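Subject: Structure handover

Hello,

Here is the structure for your files. Please look it over before reading the notes below it.

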Amino acid sequence: MELTGAEIFVRCLRDEGVEYLFGYPGGAVLHIYDALYKQEEVKHILVRHEQGATHAADGYARSTGKPGVVLVTSGPGATNAVTGIATAYMDSVPLVVFTGQVMTHLIGDDAFQEVDAIGITRPCVKHNFMVKDVRDLAMIMRKAFHVATTGRPGPVVVDIPKDITAHKTDYVFPQDPSLRSYRPVTDGDPAVIRKAAELLLTAKRPMIYAGGGVILGNASSELTELVRWLGAPCTNTLMGLGAFAATDPLFVGMLGMHGTYEANMAMHECDVLLAVGARFDDRVTGDLDKFCPNARIIHIDIDPASIQKNVAVEIAVIGDARLVMRELLAALTASGRRLDAPALKAWWHRIDEWRGRHCLEYDRANTEVIKPQFVLETLYRLTKGDAFVTSDVGQHQMWAAQFYKFDRPRRWINSGGLGTMGFGLPAAIGVQLAHPQDTVACVTGEASIQMCIQELSTCKQYDLPIKIINLNNRYMGMVRQWQEFFYQSRYSHSYLEALPDFVKLAESYGHAGLRVDKPHDVEAALKEALGQRDRLVFLDFITDQTENVYPMIAAGAGHHEMHLATDRELA
Amino acid sequence: MRHIISILLENEAGALSRVAGLFSARGYNIASLTVAPTEDPSLSRMTLVTSGSEDVVDQIRKQLNKLVDVVKLVDLTENKRIEREMLLIKVCAEGGERDEIKRLSDIFRGRIIDVTERAYTIELTGDGSKLDAFISVIHPRRILEVVRSGVIGIARGNASCVPDDRSSCLNSNDPAA
């Protein structure tokens with residue numbers, strides 16, 4: 001039986017096992033919306049802005065490992081989605097984004113709501129497709145899901161002209177989506193893996209640096225086994241938090257610009273570094289000339305282009321993190337040898353000295369103003385470290401990364417690569433839909449939250465009981481911090497005047513709101529919010545305006561050149 | 001260092017812009033770029049000349065290979081190769097100059113392919129340095145227009161840049177092939 005393109009679209013989503021479609025209707029996708037109306041298998045989540053759709057799909061994808069799926073209309077629908085697509089691209093999140101397009105015969109005529117979506121998205125997608133014939137639609141959709149979810153994952157855009165969704169053809173779900181030009185490597189080279197094992201066995205000061213690739217590759221348990229076998233310290237990147245349990249004694253915290261003293265110093269002094277699923281980003285490495293000066297480096301990554309991109313490494317294993325680490329552990333075990341125990345003991349002694357600096361100390365005893373760190377520590381304690389935490393971008397993001405100890409992967413959802421303010425709330429929508437029984441906390445600030453605040457309406461429509469932890473310091477905190485440090489406290493346009501009353505704002509959307517401005521009320525307010533299982537609670541914490549994120553490595557400095565706090569500089 | 005990279009691309013709309021966009025987005029150099037269809041209508045051949053340190057060229061190769069439309073990539077610089085470029089040049093040729101231009105063209109194995117009372121159009125093929133040499137012997141004031149094709153190249157010997165699954169007489173046991 002012949003189906004229309006719109007009907008085929010919906011059938012394909014169903015056959016791909018798509019649960020939720022995040023979208024916003026418009027002229028070019030009306031045939032598709034009509035087909036969605038006539039079925040119940042694929043649930044459509046109506047957002048309030050297309051950026052929200054992509055972030056929500058992204059949160060769904062990061063928290064489940066399944067691809068997030070988006071449908072937007074042509075023109076502004078597509079351009080509004082671009083920020084979310086670029087966010088997913090930078091963090092290698094599998095998304096499939098369908099953009100409507102004007103009728104085929106109008107393309108290139110500057111038709112109403114026409115934009116070159118393929119051209120605009122090209123630099124921030126893993127791949128994109130334009131559908132030119134309804135007979136290709138099913139295969140292109142199949143390929144889009146295949147490309148988005150395999151290898152190093154990433155967003156794929158499919159642009160569908162409106163007439164294609166009305167044309168008819170037979171529907172068969174294509175079985176084999178393989179492309180001759182796309183064959184991601186999975187197994188690492190056994191000879192190289194043996195060399196990596198040999199090098200690790202010679203280490204006197206080993207260090208494991210694990211990134212988001214471990215989470216994307218579902219390789220947390222392999223990483224944990226490997227780290228424990230080696231008895232080596234492990235650090236996670238911002239994207240990798242939860243890949244190795246934060247409460248494990250072998251964990252030394254996050255590394256990089258706002259990483260812990262012990263993690264960065266261990267990077268600086270290690271003699272063998274094993275990097276897994278991490279890409280030596282500038283926020284992690286600092287000054288490349290001072291990066292790991294004593295280390296021989298092993299790099300495991302599924303993307304050959306990540307290898308030797310920023311840092312020259314001695315041994316590179318291209319492959320799936322899970323398979324490669326499994327093989328690496330097998331090679332280590334088969335060697336019948338262990339690491340030099342006295343050397344390892346001395347190494348840990350050194351690390352414990354660094355830990356003794358207590359680099360995450362802050363003024364806990366303050367009873368006058370709320371310290372943002374205190375809110376996050378309390379959130380961690382009350383949720384027993386088991387909540388899903390989404391975040392926006394800025395100081396609150398760093399504090400959440402430092403003070404919420406993630407023991408499991410896919411619990412920490414933030415925009416690491418692109419640093420997209422406005423990400424947190426819509427991402428929480430996707431996470432809460434995927435995990436209806438779990439606590440989802442959106443850690444945000446009064447600047448970030450306003451970039452996608454309209455999604456409070458979506459939360460109401462779908463009864464999503466997200467807990468918004470707004471650390472309200474009346475500043476774009478991270479901008480203010482840099483202006484204080486590097487621009488002699490000239491706070492150029494970083495002070496937010498005319499802030500809304502967030503409590504009333506939340507209430508006007510039909511949610512509960514609560515303002516907290518005293519430290520002794522923090523715990524009670526969080527308990528109250530977490531106890532409300534069936535509604536969104538917006539907690540507006542009025543926090544210390546001048547608190548800075550420490551430790552800090554200034555841009556362009558080395559790992560050993562950290563600042564612990566204004567009054568106790570180490571460097 | 002200069003590298004000449006041969007790429008088989010899916011013959012899809014937009015494939016060329018993916019390559020060109022990659023170079024501009026990541027700040028890589030393109031000295032020349034030629035594209036044309038191949039004997040297999042689903043594939044285009046692109047020959048790209050770029051330059052950079054070994055690290056940069058290594059990244060260029062990897063980033064190109066990451067493009068989903070790239071079916072096969074070979075850096076011809078790594079082995080012996082043949083390079084060719086075509087030059088079409090229109091030069092002033094009047095009076096006594098006509099014989100001299102004709103002689104120069106013959107020396108470089110060029111062909112005069114169009115003639116007017118005042119000008120010759122000459123076709124010349126060779127590697128880039130040969131074309132440069134020819135241009136340099138013509139007085140700049142005589143040069144009316146220079147059109148160069150950009151470099152194409154092919155590996156010497158039996159090595160080839162073709163899709164991995166393609167069979168040929170070299171990898172077949174069939175003696176008749």
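The notes cover the contacts between the chains, then the cores, then one loop residue.

This is a predicted model, in which local features need pLDDT of at least 70, side-chain atom pairs count only at pLDDT 80 or more, and totals for chains, interfaces and linings use all residues. Residues are numbered from 1 along each chain as its sequence is written, chains are lettered from A and ligands numbered from 1 in the order in which they are written, and side-chain values use heavy atoms, leaving out hydrogens and water.

Interface. In chain B, 19 residues are in contact with 18 residues of chain A (contact: heavy atoms within 4.5 Å). The two chains bury about 1,400 Å² between them, 46% of it on carbon and sulfur atoms (accessible area lost on being put together, 1.4 Å probe, summed over both). B:Arg18, B:Lys62 and B:Val68 lose the most area to chain A, together 42% of what the chain B side buries. There are three salt bridges between the chains (a side-chain nitrogen of Lys or Arg within 4 Å of a carboxyl oxygen of Asp or Glu). A:Arg180 forms a salt bridge with B:Glu10, with the closest N and O atoms 2.9 Å apart.

Cores. The largest nonpolar core has 108 residues, of which A:Leu273, A:Leu328, A:Ile469 and A:Phe541 touch the most other members (buried Ala, Val, Leu, Ile, Met, Phe, Trp, Tyr and Cys residues joined through side-chain atoms within 4.5 Å; buried is under 20% relative accessible area, exposed over 50%, partly exposed in between, 1.4 Å probe, protein chains only). A second, separate core of 44 residues includes A:Ala56 and A:Val157.

Loop. A:Asp289 is exposed, at 72% relative accessible area.

Regards
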